[in-house]
Amino acid sequence: MPDMNFEMVMQKITDWIVALLPRLGTAAVIFGVGWWLSNLVTNGLRRAVTRAKGDSGATSFLSSLINVLLKIIISIMAIAQLGVDVTSLIAAIGTAGLAVGLAMQNNLSNVASGAQIVLTAPFRVGDYLAIPGENVEGTVSRIEMMFTVLRTFDNKEVVLPNTKVTNSTVVNYTAMKTRRLDLTYSVSYSADLEKAKTLLTRLCAEEERIEKEPAPLIAVGAHGDSSISLVVKVWCKIDIYWDVYYAMQERVKLEFDKAGIAIPFPQIDVHFPGQKPSGEKSA
């Protein structure tokens with residue numbers, strides 16, 4: 001009798017598995033094809049927006065968000081094929097989601113901050129940012145659902161949670177088409193200031209990458225301990241800022257040398273107790 005009951009139970013299990021196999025196969029197909037299609041859709045969206053020259057940051061954020069939502073829907077559809085009550089499942093997911101949401105407030109805040117970045121667009125992919133509070137700066141390479149990626153000048157990748165970005169002061173160096181270049185050159189007190197200023201004016205005029213408007217400003221900036229500082233303030237395009245900076249630094253040094261204008265270095269006169277200053281004779 002016990003053997004008969006065991007055989008009946010095993011037969012029922014076998015029948016259940018056989019009856020479930022078609023549904024299981026259908027669920028697997030839905031899951032596999034749906035997963036592939038979700039990746040295809042999001043990749044197609046990225047390519048389409050790229051060809052249309054749309055905002056890369058918004059595209060990256062929306063693509064990652066749509067991809068996650070599509071995969072959740074596909075997973076629910078696959079589970080429904082197994083005969084599971086989807087309504088109860090969604091209710092259970094909603095309850096669990098609330099609990100998980102409370103436990104993952106930081107991640108949800110990152111998603112909200114990502115949406116804020118995309119909608120308000122304080123910066124875009126390709127902009128050069130400095131975030132002093134995080135001691136980092138670089139070019140924006142991606143804006144994802146929960147983080148923003150910067151590429152530093154020395155080609156390092158910095159991943160910042162979106163809340164860190166929205167809660168910090170962000171300096172966008174590429175928001176405008178031009179940027180002011182501030183240069184300072186020191187000359188000795190014995191130097192001919194007018195000659196030095198005339199030379200700097202000529203160098204600014206000869207540098208074609210410097211904007212003519214606003215006009216370059218060349219003036220005495222400060223009287224130092226051992227030198228006078230001449231300030232040069234010029235404007236140039238954002239993308240050639242450092243090219244102009246290094247070109248001017250080299251040319252000014254070479255031209256100062258040719259003109260006999262000395263660039264002094266700090267000097268200190270040291271006197272020891274009991275030692276007479278140089279030039280004085282003993283009585």
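## Exercises on a predicted model

Tyr246 is exposed, with a relative accessible area of 53%; here buried means under 20% relative accessible area, exposed over 50% and partly exposed in between, using a 1.4 Å probe and protein chains only. The model is predicted, so local features need pLDDT of at least 70 and side-chain atom pairs count only at pLDDT 80 or more, while totals for chains, interfaces and linings use all residues. Residues are numbered from 1 along each chain as its sequence is written, and side-chain values use heavy atoms, with hydrogens and water left out.

### Exercise 1: aromatic rings

Count the aromatic pairs in the whole structure, then classify the pair of Tyr245 and Tyr246.

Step 1. The criterion is that rings of Phe, Tyr and Trp (its six-membered ring) pair if their centres lie within 6.5 Å; planes under 30 degrees apart are stacked, over 60 edge-to-face and the rest tilted.

Step 2. Searching the whole structure gives six aromatic pairs. For Tyr245 and Tyr246 the ring centres are 5.2 Å apart and the planes stand at 80°, so this pair is edge-to-face.

Step 3. Tyr245 is partly exposed, at 23% relative accessible area. Tyr241, Trp242, Tyr245 and Tyr246 make up one aromatic cluster.

Step 4. Look next at Arg179: its charged end sits over the ring of Tyr241, 3.9 Å from the ring centre. That label requires NZ of Lys or CZ of Arg within 6 Å of the ring centre and within 35 degrees of the ring normal.

### Exercise 2: salt bridges

Find how many salt bridges the structure holds, and place the Lys233 and Asp182 pair in the fold.

Step 1. A salt bridge is a side-chain nitrogen of Lys or Arg within 4 Å of a carboxyl oxygen of Asp or Glu. In general, side chains of opposite charge can pair when their charged atoms come close.

Step 2. The structure holds twelve salt bridges. One of them joins the side chains of Lys233 and Asp182, at 3.8 Å from N to O. This pair links distant parts of the chain, with Lys233 in strand E8 (residues 228-237) and Asp182 in strand E6 (residues 178-187), 51 residues apart. Helices (H or I, at least four residues) and strands (E, at least two) are DSSP runs, numbered from the N terminus.

Step 3. Both ends can be checked for exposure: Lys233 is partly exposed at 24%, and Asp182 is partly exposed at 39%.

### Exercise 3: a charged network

Trace the network of salt bridges that includes Glu255.

Step 1. Begin with Arg202 and Glu255, whose side chains meet in a salt bridge of 3.2 Å, N to O. The pair links distant parts of the chain: Arg202 is in helix H6 (residues 193-206) and Glu255 in helix H7 (residues 241-259), 53 residues apart.

Step 2. Arg202 is partly exposed at 35%, whereas Glu255 is buried at 13%.

Step 3. Arg251 also forms a salt bridge with Glu255, its closest N and O atoms 3.8 Å apart. Since Arg251 and Glu255 are four residues apart in helix H7, about one helical turn separates them. Arg251 is partly exposed, at 28%.

Step 4. Through shared partners, salt bridges join Arg202, Glu206, Arg251, Glu255 and Lys258 into one network.

### Exercise 4: cysteines

What does the count of disulfides come to?

Step 1. A disulfide is a pair of cysteine sulfur atoms within 2.5 Å.

Step 2. By this rule the count is zero. As for exposure, Cys204 is buried at 2% and Cys236 is buried at 0%.

### Exercise 5: backbone details

Look for a cis peptide bond, then inspect the phi angles of Ala121 and Asn155.

Step 1. As a reminder, most residues other than glycine have a negative phi, and most peptide bonds are trans.

Step 2. Glu213 and Pro214 are joined by a cis peptide bond with omega of about -5°. Pro214 lies in the loop between H6 and strand E7 (217-223).

Step 3. Ala121 is not a glycine, yet it has a positive phi of about 50°. Ala121 is placed in the loop between helix H4 (105-120) and strand E1 (128-131), and is partly exposed at 26%.

Step 4. Asn155, also not a glycine, has a positive phi of about 65°. Asn155 sits in the loop between E3 and strand E4 (157-161) and is exposed at 60%.
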